[in-house]
Structures are given as structure tokens and as C-alpha cells.
Amino acid sequence: MQLLFDSVTADYQLGPIRSPRVLRSIDMNLKSGSFTAVIGHTGSGKSSLLKAMNGLLIPTDGQIKIGDTVIKAGKNKRSLKKIRKQVGMVFQFPESQLFAETVEQDICFGPLNFGVPLIKAKKMARDVLIQVGLDPIILTKSPFSLSGGQKRRVAIAGILAMQPEVLVLDEPGAGLDPAGKKEILSLIASWHHEKKLTTVLVTHDMDDVATYADDVIIMNEGQIVMHGDKRSIFSEEKELKKWHVDVPDARRFQLRIEQETGVILPQVCLTVEELAEALIEVNLA
Ligand SMILES: Nc1ncnc2c1ncn2[C@@H]1O[C@H](COP(=O)(O)OP(=O)(O)O)[C@@H](O)[C@H]1O
Ligand SMILES: [Mg+2]
């Protein structure tokens with residue numbers, strides 16, 4: 001499903017006060033099936049951009065088109081209902097949104113809310129739980145009795161049970177150990193491909209960008225300052241410095257090697273495997 005932002009400006013209304021413009025004239029086209037990483041320093045508007053995709057932040061100007069549904073200033077009730085079903089949002093600490101007495105009730109909540117019959121919702125809960133690598137035996141347990149990593153998986157299972165076509169994830173690996181984070185991100189990547197989702201991932205880890213995403217958006221002060229495929233974005237060192245954005249480790253090693261040896265490798269390397277291949281190709285390894 002395609003996501004189209006046309007001059008979208010948005011802010012938060014805090015009682016009588018409006019926050020400064022949090023999203024400023026955003027033009028963005030995310031193609032159906034794309035996997036985009038959103039990066040930028042804290043406060044640059046990444047989470048707000050994701051909220052706008054899910055109808056949690058409504059434009060004051062411009063419009064958002066998700067599939068054939070439009071959201072713009074004014075009445076959006078019907079559009080919002082549709083979009084909340086189509087766009088699954090995983091917040092930064094999704095486990096903090098667990099609330100039901102059992103894991104099963106928690107996962108079934110979304111589907112039931114969108115009119116799925118109870119028996120079918122229960123079957124879906126079981127299926128997604130297995131998909132996130134958990135034993136269905138925990139369906140009857142309280143979500144609060146689970147470990148941190150298990151809670152995170154249950155929370156993500158709850159989003160998947162809605163069968164969204166677009167998946168937006170706000171630092172889904174935050175607070176997990178490296179192995180747990182890798183497992184979650186690998187799962188997300190395989191759903192992305194299997195279910196042909198359009199996926200948007202906020203992360204601070206450039207190696208995750210290199211491994212999982214195809215495209216990159218860099219945000220600064222509520223604006224998109226760079227948007228392109230990851231290889232061309234990570235080849236613009238100077239521009240990236242301006243936005244205080246790092247490059248993946250492998251790219252950093254590459255630049256260092258090129259500087260020390262004077263040999264320019266045949267391509268921009270984003271992973272250790274790519275770097276190894278390039279080094280072999282020019283007989284440096
Ligand atoms: N609920 C909110 N109410 C008011 N201002 C907010 C709210 N959430 C974020 N902001 C402000 O919007 C700007 C962008 O924040 P955010 O989208 O959370 O950035 P990021 O995710 O990149 O850290 C910041 O200036 C932040 O203070
Ligand atoms: Mg954020």
C-alpha cells in the first residue's frame with residue numbers, strides 16, 4: 001500500500017497552546033512494498049511522522065493519502081477507522097500497552113474491535129503467537145508474568161493479528177539485548193517480504209538500517225532533509241555529518257581503508273560481507 005504525504009504540516013495542540021510546527025511541509029512518497037528506515041536526532045520528528053501515518057497526528061495543512069484513503073484537516077472519522085486497521089503501529093515500548101488479563105485477550109482485542117468473530121480471533125491469536133516465536137501455552141497467562149522480551153513479542157503479535165498492510169515501528173528493538181533485538185528485527189523483515197508489507201522503521205542503529213531497510217529518510221527539525229536508497233544516502237558522508245548521522249560500521253571501515261591505502265573500492269559497502277567481497281575484488285584481502 002502506498003503512503004503519500006503532500007505538503008503535510010502538523011503540530012500538537014496543548015490546551016490553548018500549539019507546539020511549534022512538529023512536521024513541516026513534508027512531501028513523501030513511500031512505494032507499496034518498500035522498507036524505509038527513518039533516522040535523525042532526538043526531537044527531529046520521527047515519532048510524529050509515524051503517528052501521522054497512523055492517524056494519531058492530523059495535518060493542519062496538506063494531506064496524507066494511504067492507499068485510497070485521505071486524511072487532512074477537518075473530519076476524518078471514517079478514514080481514521082480504516083487507516084488504524086490498515087496501518088499497524090508498534091510504539092517504542094509496546095509492552096507498556098499490554099493491559100488484558102490474559103495474553104489471548106490482549107492479542108484478540110484489536111481483531112474483535114474490528115469485527116472479527118471470537119473463535120476466529122482466538123485462532124489468529126494462536127497463529128501469530130507461534131509466528132513471533134512464543135509457545136501457545138502462554139495464551140492463558142497474564143501478560144505481566146512474562147519476561148521483557150516475551151512481552152515485547154506479545155505486543156507485536158497483537159499488531160500483527162490485525163493483519164495490517166503497512167507496519168510502522170518506532171524503535172522496536174529499544175531496551176532489548178542484542179540477540180533479542182536481532183530476533184525481533186529478523187522476524188519483522190521476514191513478515192515484510194512474506195506479506196508484502198510497506199514497512200517504516202525508526203532506529204538509531206545504522207547497521208540495522210544497512211541490514212533491513214531499502215530506503216532511508218533523514219529528519220531534522222520536522223523536515224525530511226534526505227530521502228533515497230540506502231546506498232546513495234550512505235555515500236554522502238559530508239551531507240550526513242551536517243545532520244549528525246553516522247554511517248554503518250562497514251562503511252566507516254571502508255572509508256578508513258580507502259584513506260590509508262589510496263585504493264577506492266568498487267562499491268559503497270554497507271555490511272561486513274560486502275566489504276569483504278570488495279576487498280577481495282581489489283586484492284586487498
Ligand atoms: N505529545 C506531544 N505533545 C507536544 N509536543 C510533542 C509531543 N510529542 C512530541 N512533541 C514535540 O515534537 C517534536 C518532535 O518530537 P518527536 O516526533 O517525538 O521526535 P523524535 O521521535 O525524532 O525524537 C519535539 O519538539 C517534541 O518535543
Ligand atoms: Mg521518537
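Start by selecting helix α5 (residues 148–160) and helix α6 (residues 178–194) in this predicted model. The two pack with their axes 12 Å apart, at an angle of about 15°. An angle under 35 degrees counts as roughly parallel, so α5 is roughly parallel to α6. If you look along the pair, you will find that α5 passes α6 in a right-handed crossing.

Now show the side chains where these helices meet. On α5, pick Arg152, Arg153, Ile156 and Leu160. On α6, the partners to pick are Glu183, Ile184 and Trp191. Which kinds of residue make up this contact? Colour them by type and you get 4 nonpolar and 3 charged residues, with no polar ones.

Next, move to the sheet. Select its 6 strands, which run in the order β8-β9-β10-β5-β11-β12. The sheet is open, and its pairing is mixed. Where are the edges? They are β8 (87–90) and β12 (223–229), each of which pairs on one side only. Turn the view to see the twist: on average, neighbouring strands are turned by 15° against each other, direction ignored.

Keep the sheet on screen and add helix α1 (residues 46–53), which packs on the sheet. Helix α1 touches β5 (35–39), β8, β9 (166–170), β10 (198–202) and β11. Compare directions here: that of α1 makes about 155° with that of β9. Then add helix α2 (residues 77–86), another helix that packs on the sheet. Its contacts are with β8 and β9, and its direction makes about 65° with that of β8.

Zoom in on β11 (residues 215–220) and β12 next. These strands pair in the antiparallel sense over 6 bridges. Select Asn220 and look across to β12, where its bridge partner is Gln223. The hairpin of β11 and β12 has 2 residues between the strands. Click on Glu221 in this hairpin: Glu221 takes a positive phi near 45°.

For the last stop, look for aromatic rings. How many aromatic pairs does a search of the whole structure find? There is 1. Select Phe99 and Phe109, whose ring centres are 5.1 Å apart and whose planes are at 85°, so the pair is edge-to-face. Phe99 lies in the loop between β8 and α3 (103–113), while Phe109 belongs to helix α3. The two are 10 residues apart, and their pair links distant parts of the chain.

Notes:
Residues numbered from 1 in each chain as written. Chains lettered and ligands numbered in written order. Predicted model: local features only at pLDDT ≥ 70, side-chain atom pairs only at ≥ 80, totals over all residues. Heavy atoms only, no water. Pairing = 2+ DSSP bridges. Helix = DSSP H or I, 4+ residues; strand = E, 2+ residues; numbered from the N terminus. Axes fitted to C-alpha atoms, helices over the stretch in contact; angles between N-to-C directions. Contact = heavy atoms within 4.5 Å. Parallel < 35°, antiparallel > 145°, perpendicular 65-115°, else oblique. Left-handed = near helix turned anticlockwise from the far one by under 90°. Nonpolar A, V, L, I, M, F, W, Y, C, P; charged D, E, K, R; others polar. Phe/Tyr/Trp six-rings, centres within 6.5 Å; stacked < 30°, edge-to-face > 60°.
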